[in-house]
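Visitor: Please take one part of this model and give it a close look. I would like to know what surrounds it and how it fits into the whole.

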Amino acid sequence: MNVRVGAARIRALLLTLISFFVLAATATGCAGGGGGERPRVVVTTNILGDITREIVGDEADVRVLMKPNADPHSFGLSAVQAAELENADLVVHNGLGLEENVLRHVEAARESGVATFAAGEAADPLTFHTGQEGGPEQESGEPDPHFWTDPDRVRKAAGLIADQVTEHVNGVDDKAVRSNAARYDGQLADLTTWMEKTFAAVPENRRALVTNHHVFGYLADRFGFRVIGAVIPSGTTLASPSSSDLRSLTRAMEEAGVRTVFADSSQPTKLAEVLRQEMGGDVDVVSLYSESLTEKGKGAGTYLEMMRANTSAMAEGLTGD
């Protein structure tokens, strides 16, 4: 009797141990790579974050460092966020000097062995042409980081992000990533077509842009606009205009017959308002979502929503409808 009882206890113990190891193996398998965690992609800006999430889908965690309505030129990282970069499977950033306070952390992650991808550098960047039309010789030579204002360049960058994910992020389903990328590519193609039709309503003599700072060079190049100038004659919001800059812009606007200034919604429009005063008050200031997404449901929660909102606002502001 005691022998049978002892054998039963041994069998029960063995079953318990087997169950434990099966459960442990299952948990390890479900967790994916990265030391028991799901694979992780870290993205610096929220515009690129939205694009990357569309491509990655549910295949990995996508962490976006830049908050909604922030300025990519000036936002910084906490120590925890900086550590996330170095623990990522892949870091996606804009590059071309956009994330001015974050690039050193991206470099540190790259030096520690993390795969990094600079989307802006891979999207056939244009060169900045700062200054005002008709003013002193315009500066050039620096690459323009604001490539996302051209949806065709975003299509190229999105395809390359998909390549980077399948190459560097272990544990993702390559077919699922490629399927997501193909679906999103179709949405971007539809966006380009819609923008072309919307901008077609803007007469040739009104296709002139004045912005808060130089941010729409790619859009102008793609859809046939002229950039007259910017209130801040620079590609970064961290610069400041001089009184001579404002006078040059005022003259350029008067010569071109431009009475609309497009200002970024995440930045104060004080400078644009100063320009309005310089021109006797006869200037409209139209708000755009140029460098940051908003929170969901606040007008520009996704890249596609942002571009459609901007296109509609620009067409209306330029035609006066």
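Guide: A residue counts as buried under 20% relative accessible area, as exposed over 50%, and as partly exposed in between (1.4 Å probe, protein chains only). Helices (H or I, at least four residues) and strands (E, at least two) are DSSP runs, numbered from the N terminus. This is a predicted model, in which local features need pLDDT of at least 70 and side-chain atom pairs count only at pLDDT 80 or more, while totals for chains, interfaces and linings use all residues. Residues are numbered from 1 along each chain as its sequence is written, and side-chain values use heavy atoms, with hydrogens and water left out.

The part to look at is helix α3, residues 46-56. Of its 11 residues, 9 are buried, so α3 is largely enclosed by the rest of the structure. The buried ones are Asn 46, Ile 47, Leu 48, Gly 49, Asp 50, Ile 51, Thr 52, Ile 55 and Val 56. Their cover includes the strands β1 (40-43), β2 and β3 (90-93), together with the helices α6, α7 and α11. Just after α3 comes Gly 57, with a positive phi of about 60°.

Now the helix neighbours. Two packed helices are described by the angle between their axes and the distance between the axes. Axes here are lines fitted to C-alpha atoms, for helices over the stretch in contact, and angles run from 0 to 180 degrees between N-to-C directions. Angles under 35 degrees are roughly parallel, over 145 roughly antiparallel, 65 to 115 roughly perpendicular, and the rest oblique.

Take α6 (residues 151-168). It packs on α3 at about 55°, with the axes 10 Å apart. The pair is therefore oblique. The crossing of α3 and α6 is right-handed: the near helix is turned clockwise from the far one by less than a right angle, whereas anticlockwise would be left-handed. On the α3 side, the contact (heavy atoms within 4.5 Å) uses Leu 48, Ile 51, Thr 52, Ile 55 and Val 56. On the α6 side, Val 154, Ala 158, Ile 161, Ala 162 and Val 165 take part. This contact has 9 nonpolar residues, 1 polar and no charged. In that count Ala, Val, Leu, Ile, Met, Phe, Trp, Tyr, Cys and Pro are nonpolar, Asp, Glu, Lys and Arg are charged, and the others, Gly among them, are polar.

Next is α7 (residues 174-199). Its axis lies 7 Å from that of α3, at an angle of about 125°. That makes α3 oblique to α7 as well. Asp 50, Ile 51, Glu 54, Ile 55 and Val 56 of α3 meet Val 177, Asn 180, Ala 181, Arg 183 and Tyr 184 of α7. The contact of α3 with α7 divides into 6 nonpolar, 1 polar and 3 charged residues. Ser 179 also lies in α7. With 46% relative accessibility, Ser 179 is partly exposed. Its C-alpha is 9.8 Å from that of Val 56, although 123 residues separate the two in sequence.

Ile 51 links α3 to the interior. A nonpolar core is a set of buried Ala, Val, Leu, Ile, Met, Phe, Trp, Tyr and Cys residues joined through side-chain atoms within 4.5 Å. The largest one has 55 residues, and Ile 51 is among those with the most contacts inside it, along with Phe 147, Leu 209, Leu 219, Phe 225 and Tyr 303. Helix α11 (residues 303-319) gives the largest share of this core, 8 residues. Counting only residues beyond four places in sequence, Phe 225 touches Phe 199, Val 202, Arg 207, Ala 208, Leu 209, Leu 219, Ala 220 and Leu 318. A second, separate core of 13 residues includes Val 42, Met 66, Val 106 and Ala 109.

One more residue belongs to α11, namely Thr 311. Thr 311 is buried, at 1% relative accessible area. Leaving out residues up to four places away, Thr 311 touches Trp 194, Met 195, Thr 198 and Phe 199.

Finally, the whole. The protein has 11 helices and 10 strands. Buried residues make up 46% of its 321 residues. Among contacts with a separation of 6 or more, 64% join residues 24 or more positions apart.
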